[in-house]
Amino acid sequence: MGGCCGVSIGTLSPAIVSFGTRLFIANTNTKPFLKQKSTKNDRQIQFKICCCSSSSSTSLTQTQTQPENKNRRRREAKHFDDGDTGDFVVVNFYKFVSIKHPQEEVAKHLAFVEYQGLNLRGRIYVNEQGINAQYSGPSRDALTYVEWLREDENFSDLLVQICPALNGHAFPKLKLRYKPSLVQLEGGISHLPLLDPSMRAIPLAPSEWRNKLEARKDIDKASNSDLNRDFILLDVRNGYEWDIGHFHGARRPDVDCFRSTSFGLSQREAFASDPLADLDKVKTDILMYCTGGIRCDVYSTILRQRGFHNLYALKGGVSHYLENEGPVEWVGNLFVFDSRLSLPPSAYKPDAVSEARMIGKVSENPFATCYICSSQVRELRHRNCANLDCNLLFLCCADCVKNLRGCCCLNCTTAPRRRPVLPGYQRYKKWHLYRDSEVQSQLTI
C-alpha cells in the first residue's frame, strides 16, 4: 500500500518535498542535491512534506498566539534587528516528542538547510524520541532554522537558548543526522519513558528555582546547618563542569562522563560518593540542574523508576536561569561543550550581574584550584593537556602552564605527540597540523 505521496509505508523511502512550486526528492540516506541559494525575499517560502511525517504544510510567516511564546519571541527578535545580522550566535534546544519516521524528518531538515543556504555548524540529532540541537551560525541563519522548525506543531513550544558566539562558529562542522540516543548514557535511553511528562522531574521556572534556593538558605541559617536531609541540590553534570561554576550548596559530582552517572543507583560500597545514597525517597525534595535541562529530564525518569517521588528540575537549565535571574545563588562560570568552553554569567544577562553585585548576591571568593599545584585559579577556563595521547581537560594556573609547557604532569612533557602551548582561549586543532609543521621546521634547519 502507498502513503499519501505514493511512498510504501514501513520502508525507508525518499521524502517528496516542495519549496513553493519546486518539487524534488530528498533522499533519506544521502544529502539532498538541490543547490539553489535563497535570497532575502525567499524567506517567506512554503515548506511541505508529502509523506507520513509529523509536519504539515504551514507558512513561515504564521505567528503563534500563545501568550507565553510572545515574550520569548521578543527576546529572540533582538538578534534579528536591523543591525549586523552577521553576528554569530550559539543556539541550544531539545524536545522529547514522538517522531514516527525520524529518517524522513532528518531528510526534511537537511533539505531546508541546504535550500536556504543556511550557514550552520554544530550537532542536531533526531530520533524516535525527539530532537537535541546545539549549533552556531550568523544570527539570521540560526534563527531562520528555529522559526521554520516551530511551524511544525510538534516543535511549536521549543524553549530556545541563544548566546553570542564570540569568535565566529563555535563548532567545526554541521552534524545533522539520526542518532539512536539523544543523550549518551550507559545502556542507552530508548527504553526510558521520556515521552511521558509525569515520569520526568517537575520543571521549575528560573524564578521558582531561585525562590526555593533562597528559602532553603534561610532555613539553613536558622538551624545553623546545611545538612537538611529533606532537601538536596543535585548537580547532574560532570565534576569538571562543577569545578568552574555551580549553585551554592551543590555537591561536586564524582562523575567524569554523564554516560556513567549512577546517582541513586549505587551499590552499598559506593554510598560515600553517591549524594542520593540512604535518602528517604518519599520525603526528600531533589532539585536537579544541568546546563540546558536535557540531562535532568533523562536522569529523572530513571530516578522516578527507582522510587524517588519529589523530583524537580531547573527548566531550561543553568543557561536559562542565568538569562533570567543572573548569577544569584550561582558561583563561577558555566561550562559549555563547544569552542568557548566557559561563559561568565554576564554573557547571558550583563545588567543582572552588576545589579546582583550591588546587593551582595554575587560571590567574589575564588573557589577553583589548579589541577597541578592546587593554588587558586581565577581564570575559569579548562585547557587540554598538550600531550595528545592524554588530552586531559583540566584547570591550570599560569605558572604551571608555563613550567609544564601546557601539560598536566611531568610525564606528559616528554610525550612523543606533544603539541605546542596554546596562548589565550585557543583550542587545539588536528594533530597532523602540528606534526607537519614540526617536520617542515626541521627541513628548513
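Visitor: How many helices and strands are there in the protein chain?
Guide: Keep in mind that we're looking at a predicted model. Its protein chain has ten helices. The strand count is 19.

Visitor: What share of the residues in the protein chain is buried?
Guide: To count as buried, a residue needs under 20% relative accessible area. Apply that to the 445 residues of the chain, and the buried share comes out at 51%.

Visitor: Let's pick one strand. How many residues of β7 are buried?
Guide: Strand β7 covers residues 130-138. This strand is mostly covered, and the buried count is nine of its nine residues.

Visitor: Which residue of β7 is the bridge partner of Asn92?
Guide: Start with strand β5, residues 88-96, which runs antiparallel to β7. Nine bridges join the two. In the case of Asn92, the partner in β7 is Gln134.

Visitor: And which residue of β7 is the bridge partner of Ile124?
Guide: Now look at strand β6, residues 121-127. Seven bridges link β6 with β7, and the two run antiparallel. Find Ile124, and its bridge partner in β7 is Ala133.

Visitor: How many residues lie between β6 and β7 in their hairpin?
Guide: β6 ends at residue 127, and β7 begins at residue 130. That leaves a hairpin with a linker of two residues.

Visitor: Back to the whole chain: what percentage of its contacts with a separation of 6 or more comes from residues 24 or more positions apart?
Guide: A contact here means heavy atoms within 4.5 Å. Take the contacts with a separation of 6 or more, and residues 24 or more positions apart account for 69%.

Methods:
Residues numbered from 1 in each chain as written. Predicted model: local features only at pLDDT ≥ 70, side-chain atom pairs only at ≥ 80, totals over all residues. Heavy atoms only, no water. Buried < 20%, exposed > 50% of the residue type's maximum accessible area, 1.4 Å probe, protein only. Helix = DSSP H or I, 4+ residues; strand = E, 2+ residues; numbered from the N terminus. Pairing = 2+ DSSP bridges.
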